[in-house]
Amino acid sequence: MLGNTLRALGLVTMTFFLAACSQFVGDNRHNVPLVKPVLDRLAEIGSSPSEPMVIRVYKQSSELEVWKRTNTGDYALFKTYPICKWSGDLGPKIREGDLQSPEGFYDVTPALMNPKSSYWLSFNVGFPNKFDQAWGRTGTYLMIHGDCLSVGCYAMTDEGIKEIYALARETFRGGNSSFQLQLLPFRMTEANLSQHADSPHAPFWRDLKVGTDLFDATRRPPAWDVCERRYVFNPNGSSHGPLDPNGVCPAGVYSTMTAL
């Protein structure tokens, strides 16, 4: 009798712990704390989990970089993660179902985070943004996620997305309303642009390069907007407010390099 009681108690205890593990791995996976090596690396570059961040994605080399703001106010590279898979070819996403992973500048907000993803964890890149909409481009649920499976998204390993998601979560908990996401075809060097000079996307990539050059020169994410259906960065003056993506750009708005 006592043996049966002990076995029953053991079964209940085991069930409790299994349920607790399931809860942590499943429903609570979005709250897994950053591990000590991550915290140590942040401290090494003079940053912390609550500081703003920038993510840069390079299709051609299948790399995702996380940059964090440091105690100098500049951003430093925290870590480079391998992208497991992305879809389509070099070039922007045009329409729903074209199996293209998007390119451009995006702002990720807390509302775009998906803690209950079928692909471990994920966040929406924000496609279509103001630029995409001006060109009539369509697509939904374009994500950065885990599970190493892509149909128009950027797929990371589960281990990679765990860390990237947690870094984004802590950035938002630090009071930041968004982080900048730069989705790029390749590293925006003159050599790479010259290699793809015959591409129909070359003018689009030239626009993106203005923004990436500003980040490289200042180590701070440029403000971006859209007018005349093109990206503009750090537009001069603040009196004009948000730009009309299909309208004429205000005078001086293309003088972005004067910000350097």
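Which loop holds P128? P128 lies in the loop between β7 (122–124) and α3 (130–134). The peptide bond leading into P128 from F127 is cis, with omega near 0 degrees. Most peptide bonds are trans.

**Overview**

This is a predicted model. The protein has six helices and 12 strands. Its chain counts 260 residues, and 44% of them are buried. Contacts between residues at least 6 apart in sequence were also sorted by separation: 56% of them join residues at least 24 apart. The protein exposes about 12800 Å². Carbon and sulfur atoms supply 58% of that area.

**Helix α6**

Helix α6 covers residues 202–218, which makes 17 residues. At 1.5 Å a residue, α6 should span 24 Å. Its end C-alpha atoms are 24 Å apart, so the expected and modelled spans agree. Several residues of α6 are buried, including A202, F204, W205, D207 and L208. Further along α6, K209, G211, T212, L214 and F215 are buried too. In an α-helix, residues three or four places apart point the same way, because there are 3.6 residues a turn. R219 follows α6 and has a positive phi, near 60 degrees.

**Positive phi in two loops**

Most residues other than glycine have a negative phi. C148 departs from this with a positive phi of about 55 degrees. E228 is another residue other than glycine with a positive value, near 50 degrees. Where do these two residues sit? C148 is in the loop between β8 (143–145) and β9 (154–155). E228 is in the loop between β11 (224–227) and β12 (230–233). The table gives their relative accessible areas.

| Residue | Relative accessible area | Class |
|---|---|---|
| C148 | 26% | partly exposed |
| E228 | 37% | partly exposed |

Why do both count as partly exposed? Partly exposed means between 20% and 50%, so C148 at 26% fits. E228 at 37% fits as well, because its value also lies between those cut-offs.

**The largest pocket**

The largest pocket has a volume of about 170 Å³. Its lining has 14 residues. V32, P33, V35, K162 and E163 lie nearest the centre of this pocket. Which helix gives the most to the lining? Helix α4 (residues 158–173) does, with six residues. By class, the lining of the largest pocket has eight nonpolar residues, five charged and one polar.

Conventions
Residues are numbered from 1 along each chain as its sequence is written. This is a predicted model: local features need pLDDT of at least 70, side-chain atom pairs count only at pLDDT 80 or more; totals for chains, interfaces and linings use all residues. Side-chain values use heavy atoms; hydrogens and water are left out. Helices (H or I, at least four residues) and strands (E, at least two) are DSSP runs, numbered from the N terminus. Buried means under 20% relative accessible area, exposed over 50%, partly exposed in between (1.4 Å probe, protein chains only). Contact means heavy atoms within 4.5 Å. Accessible areas come from the Shrake-Rupley method with a 1.4 Å probe; for residues, only the protein chains shown count as cover. The expected span of a helix is 1.5 Å times one less than its number of residues. On a 1 Å grid over the protein atoms alone, a cavity is a set of points where a 1.4 Å probe fits but cannot get out, and a pocket is an open set with protein on both sides within 12 Å along at least five of seven lines; lining residues have an atom within 4 Å of a point. Grid points are joined across faces, edges and corners, and a volume is the space filled by probe spheres set on the points. Ala, Val, Leu, Ile, Met, Phe, Trp, Tyr, Cys and Pro count as nonpolar, Asp, Glu, Lys and Arg as charged, and the others, Gly among them, as polar.
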